[in-house]
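This report describes how the parts of one chain are arranged. Please look over the sequence and the structure before reading on.

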Amino acid sequence: MVGDKVSDIQCAHRAGMRGILLETGHEPESRRRTQSLILADHRTRTLAGAAGWIITLTESTRPEYVENAALGFYIYHNFRHLYTEDEQRYLNAAMKALKGPSWGSDPLLNPDRHHPVTEHILKVGLGAYQYEVAQRILAEHGEAVFVNRCETCGQIVRTPIACLCTWCGHSWYERREELRERARSSVYNPTDE
Ligand SMILES: [Zn+2]
C-alpha cells in the first residue's frame, strides 16, 4: 500500500500488507516529524519510485526475459495489423488447437487446423512463430514499427507508449507525451485483448 500519512502505513501493517511512505518533501514540519518515526517498508519521493520498488519485489516470480520472445510478443500485441491474413489465421487455428486438443480433429470440417503452417506453429511453439513473423514485419515495415526499449536495461517493454519497465523498475514518465506523439505518427494500432 502506498500512502503519504503515517495512518496509511499503520493501516497497511494492520492488514498484513507492506507500507510504502510517499514523502514529497513539502509536508508540514509536524507531519515530517511523525513520518520519521514510522517504520515504513520503503520510503520514496514519487509514485514512480513506489512502482519501481514493487516491481523489484516481484522479481523472483517474474518469467525470465528472452529477447526473441519479448519481440514476438510485442509485435503481436501492438502491431497485429501488420500480420498477413494467413499469419493471423493459422496462428488462431494453432491457439484454438492448444486450448482444446480435440478441436478441429476432422480435417474436412477444420482444414485450418491441419494446414502445414498450423502444424508448423504447433511444432515450434506460439512464441517462436510470433518471433518469425516479427522478423518479417521488421524487414518489410521496419520504419513503421517503434520498438519501445527501457533506456536503462535495454529490454523491450509492453507497449509503444509504456513508461515503466517491468523488468528493472526504471520509469520515464517525463517522456510520455513524446512517446504518444510517436505512436500517433506511426501506424501503431493497439489491439485490446
Ligand atoms: Zn529496464
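## Helix 5 and helix 6

Helix 5 and helix 6 cross in a right-handed sense. This holds for a predicted model. Helix 5 covers residues 85–99 and helix 6 covers residues 116–124. Their axes lie 9 Å apart and make an angle of about 55°. Angles from 65 to 115 degrees would count as roughly perpendicular and angles under 35 degrees as roughly parallel; the two helices are therefore oblique to each other.

On the side of helix 5, the contact is made by D86, Y90, L91, A93, A94 and A97. Helix 6 contributes V117, T118, I121 and L122. Sorted by class, this contact of helix 5 with helix 6 has eight nonpolar residues, one polar and one charged.

## Helix 4 and helix 7

A second helix pair consists of helix 4 (residues 67–78) and helix 7 (residues 126–141). Here the axes come within 8 Å and cross at roughly 70°, which makes helix 4 roughly perpendicular to helix 7.

Helix 4 enters the contact with N68, A69, L71, G72, F73, I75 and Y76. From helix 7 come G127, Q130, Y131, V133, A134 and I137. The contact of helix 4 with helix 7 divides into nine nonpolar and four polar residues, with no charged ones.

## The sheet and helix 3

Three strands form an open sheet in the order 1-2-3, with parallel pairing. Strand 1 (2–3) and strand 3 (42–44) are at the edges and have a single partner strand each, so one side of each is left without a neighbour in the sheet. Strand 2, residues 20–22, runs parallel to strand 3 and is joined to strand 3 by three bridges. Opposite L22 stands T44 in strand 3.

Helix 3, made of residues 47–57, packs on this sheet and touches strand 1, strand 2 and strand 3. The direction of helix 3 makes about 150° with that of strand 3.

## Two domains

How is the chain divided into domains? The domain assignment gives domain 1 as 2–61 and domain 2 as 67–192. Taken over C-alpha atoms, the centres of domain 1 and domain 2 are separated by 37 Å.

Five residues from domain 1 and six residues from domain 2 take part in the contact between them. On the side of domain 1 that touches domain 2, three residues are nonpolar, two are polar and none is charged.

Notes:
Residues numbered from 1 in each chain as written. Predicted model: local features only at pLDDT ≥ 70, side-chain atom pairs only at ≥ 80, totals over all residues. Pairing = 2+ DSSP bridges. Helix = DSSP H or I, 4+ residues; strand = E, 2+ residues; numbered from the N terminus. Contact = placed C-beta atoms within 7 Å. Axes fitted to C-alpha atoms, helices over the stretch in contact; angles between N-to-C directions. Domains from an automatic or database assignment. Nonpolar A, V, L, I, M, F, W, Y, C, P; charged D, E, K, R; others polar. Parallel < 35°, antiparallel > 145°, perpendicular 65-115°, else oblique. Left-handed = near helix turned anticlockwise from the far one by under 90°.
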